[in-house]
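I opened the notebook today to go through this model part by part, and I wanted to write down what I looked up in the order in which I looked it up.

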Protein chains: 2
Amino acid sequence: MTSLKSSFNLNSKQGDIKIEVDLFMCLTFIGIGLTGMGLTIEGLKEAQNADFIFMDSYTSILPNGALNTLSSLIGKNIQPLKRADLEGRGLVKIIELAKRSKVALLVAGDPFIATTHISLKIEAAKAGIPVKYIPSASIQTVISGLTGLSNYKFGKSATIVFPDKGPNNAAYEAVRDNKSRGLHTLLYLDLEVEISRAMTINEGIKILLELESKRGEGVINSDMLVIGIARACWKDSIIKASKLSKILHYDFGPPPHVLIIPGSLHFIELEALRLFADMEDY
Amino acid sequence: MTSLKSSFNLNSKQGDIKIEVDLFMCLTFIGIGLTGMGLTIEGLKEAQNADFIFMDSYTSILPNGALNTLSSLIGKNIQPLKRADLEGRGLVKIIELAKRSKVALLVAGDPFIATTHISLKIEAAKAGIPVKYIPSASIQTVISGLTGLSNYKFGKSATIVFPDKGPNNAAYEAVRDNKSRGLHTLLYLDLEVEISRAMTINEGIKILLELESKRGEGVINSDMLVIGIARACWKDSIIKASKLSKILHYDFGPPPHVLIIPGSLHFIELEALRLFADMEDY
């Protein structure tokens with residue numbers, strides 16, 4: 001293939017370090033938000049400009065029909081990728097393709113909130129491929145918008161994993177350490193799309209209760225306020241704040257779910273929870 | 001005015017609680033990301049559907065021309081609002097307008113990452129106005145995408161405020177407490193658009209150094225690694241990781257700026273910083 005060369009600066013402050021790249025060479029990570037309709041104007045342009053458009057179909061769940069809607073919006077075919085397509089040999093293939101064409105990878109939420117895609121970004125950069133990043137809304141951002149909990153008051157987040165994969169001490173300790181500083185904790189719930197299992201809010205709480213009865217550090221109890229969010233930003237989303245014992249049995253419907261354990265609450269946060277998270281008197 | 005009534009459910013799980021609303025009544029908060037081109041497909045539709053489109057022009061800085069580009073994209077006039085237009089009497093006026101028309105408010109980044117707009121959301125909900133929220137990328141999200149620092153390892157964030165507005169103990173303590181847990185800290189730098197002042201990374205570091213010499217808790221020192229990000233996601237963005245003494249004198253150009261104080265670093269995070277944040281050997 002004849003290659004048209006172009007040059008770009010590696011970090012704009014170092015005017016002298018120019019890198020020659022093939023004009024057809026590019027890997028663009030494009031966030032599509034929580035519903036697919038979080039594709040941005042910038043992302044749409046980049047996708048339309050790409051030779052190949054892939055979509056990560058294994059790290060998250062999108063509403064039915066999102067792929068088709070996106071495909072008609074962009075006006076091009078979108079190829080869903082499995083985990084194996086983006087790891088090991090799969091990753092090498094994507095890199096090789098991006099060396100001679102413009103490749104776009106659509107990712108639900110923001111492309112780099114989960115750590116999954118950073119390896120691909122690093123390998124592409126090492127191979128001299130220009131990497132672009134088009135951010136979008138992530139669950140981490142929208143929890144403040146949906147609940148009214150102040151973004152400044154969230155501490156470290158963590159994931160509750162399926163118990164057959166290992167203990168959940170990190171999640172328990174994140175809640176414990178955040179609570180001791182009055183901070184809120186976002187708990188992601190394990191999701192394995194390829195084997196069709198997704199942890200529910202109810203299961204997540206059960207795991208936390210079991211950890212509490214094992215460790216006994218007084219972090220989790222039945223009366224504490226927790227907030228469950230199902231299908232954030234989808235048309236049928238549910239946001240429900242109540243005491244843990246009630247949320248444990250609440251039916252949130254299908255995944256994806258996340259769980260928030262609030263720390264100390266400002267009266268404006270309490271007012272927002274009453275209005276936007278169906279919280280009865282607490 | 002003749003009003004067409006429509007009803008909607010307050011929280012989808014409570015099918016019986018229906019609220020009657022005027023069909024023309026609506027307040028939609030729309031995130032436009034860090035450049036304005038982070039307006040999403042969903043946000044574009046909502047904006048085009050609105051009777052009045054306002055833009056918060058006082059909590060953040062956008063690239064030149066963003067307002068005009070957005071206005072032609074949406075095909076409607078956008079009215080920039082000052083702080084006074086969204087607080088006190090100004091807020092009442094917006095609420096009154098939303099009671100009889102569809103009002104959209106464009107906000108840089110995500111609408112609810114800063115706490116500024118939650119009061120308006122609460123007042124609208126109390127007035128029975130249906131409130132919609134269209135999220136977009138926020139600085140909190142993109143810092144992981146830009147630097148490769150793991151989102152899971154960020155602790156509480158804080159703002160360094162101009163010293164004439166009060167002491168910065170909260171920022172110092174956020175860094176101290178996060179560091180003691182090995183966590184990264186995102187420090188927002190104060191921005192007062194209406195009086196044209198914006199804190200630079202260099203000023204922010206100077207304030208932290210002064211606090212350290214006053215408090216002496218060993219949190220901040222000249223040799224520690226820090227990361228400055230200027231104009232995140234803009235075409236001329238700068239991302240630079242180096243020791244504090246070097247960043248203190250580094251010219252990042254115009255605002256907006258943010259500062260990251262990393263905690264303990266995984267080798268993949270170090271590799272990402274070398275590739276994407278121009279970090280020399282550290």
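Before listing any ion pair I fixed the rule: I count a salt bridge when a side-chain nitrogen of Lys or Arg lies within 4 Å of a carboxyl oxygen of Asp or Glu. I also noted at the head of the page that this is a predicted model.

**Entry 1: salt bridges between the chains**

With that rule in hand I looked up Lys126(A) and Glu271(B), whose side chains meet in a salt bridge with an N to O distance of 2.6 Å. I then asked how many salt bridges the rule finds across the interface of chain A and chain B. The count there is 4 salt bridges, and over all chains the rule gives 40.

**Entry 2: a salt bridge inside chain A**

I next looked up Asp190(A) and Lys165(A), and I found their side chains joined in a salt bridge at 2.8 Å, N to O. Asp190(A) sits in the loop between strand 9 (185-189) and strand 10 (191-192) of chain A, while Lys165(A) sits in the loop between strand 8 (158-160) and helix 6 (169-180) of chain A, so the pair ties together parts that are 25 residues apart in sequence.

**Entry 3: the interface of chain A and chain B**

I wanted the extent of this interface, and I noted that the size of an interface is often given as the accessible area lost when the parts come together. Chain A and chain B bury about 5400 Å² between them, and carbon and sulfur atoms give 58% of that area. On the side of chain A, the residues that lose the most area to chain B are Ile41(A), Tyr152(A) and Arg181(A), which together make up 14% of what that side buries.

Counting contacts, I found 62 residues of chain A touching 61 residues of chain B. The rule for polar contacts gives 20 residue pairs across the interface of chain A and chain B, with both residues at pLDDT 80 or more. I also listed the elements of chain A that give two or more residues to the side touching chain B, and among them are helix 1 (41-49), helix 4 (118-126), strand 13 (238-243) and helix 9 (267-276). Helix 5 of chain A gives the most to that side, with 6 residues. Sorted by class, the side of chain A that touches chain B holds 29 nonpolar, 21 polar and 12 charged residues.

**Entry 4: how the two copies are related**

I asked what turn lays chain A on chain B. A turn of 180° with a shift of 0.0 Å along the axis does it, and the RMSD is 0.0 Å; that is the relation of a two-fold axis. I also checked the surfaces used, and 98% of the interface residues of chain A are also interface residues in chain B, so the copies meet through the same surface.

**Entry 5: the two domains of chain A**

Turning to a single chain, I noted that chain A is divided into domain 1 (5-134) and domain 2 (139-276). Their centres, taken over C-alpha atoms, are separated by 31 Å. Between them, domain 1 and domain 2 of chain A bury about 930 Å², with 70% of it on carbon and sulfur atoms. Within domain 1 of chain A, Leu34(A), Ile61(A) and Ile113(A) lose the most area to domain 2, together 56% of what that side buries.

I found 12 residues of domain 1 of chain A in contact with 13 residues of domain 2 of chain A. I recorded 0 salt bridges between these domains, and 2 residue pairs in polar contact across their interface, both residues at pLDDT 80 or more. The side of domain 1 that touches domain 2 of chain A has 6 nonpolar, 4 polar and 2 charged residues by class.

**Entry 6: backbone points to remember**

For the backbone I kept in mind that most residues other than glycine have a negative phi, and most peptide bonds are trans. The peptide bond from Pro255(A) to Pro256(A) is cis, with omega near 5°, and Pro256(A) lies in the loop between helix 8 (244-247) and strand 14 (257-261) of chain A. In chain B, a cis peptide bond joins Pro255(B) and Pro256(B), with omega about 5°. Last, I looked up Cys233(A), which has a positive phi near 75° and is found in the loop between strand 12 (225-230) and strand 13 of chain A.

Technical notes. Residues are numbered from 1 along each chain as its sequence is written. Chains are lettered from A and ligands numbered from 1 in the order in which they are written. Side-chain values use heavy atoms; hydrogens and water are left out. Domain bounds come from an automatic or database domain assignment. Contact means heavy atoms within 4.5 Å. Buried area is the accessible area (1.4 Å probe) that two parts lose on being put together, summed over both. A polar contact is a pair of N or O atoms within 3.5 Å; within protein, one must be able to donate a hydrogen and the other to accept it, and residues adjacent in sequence count only if both atoms are side-chain atoms. Ala, Val, Leu, Ile, Met, Phe, Trp, Tyr, Cys and Pro count as nonpolar, Asp, Glu, Lys and Arg as charged, and the others, Gly among them, as polar. Copies are superposed by least squares on the C-alpha atoms of residues with pLDDT of at least 70 in both. Helices (H or I, at least four residues) and strands (E, at least two) are DSSP runs, numbered from the N terminus.
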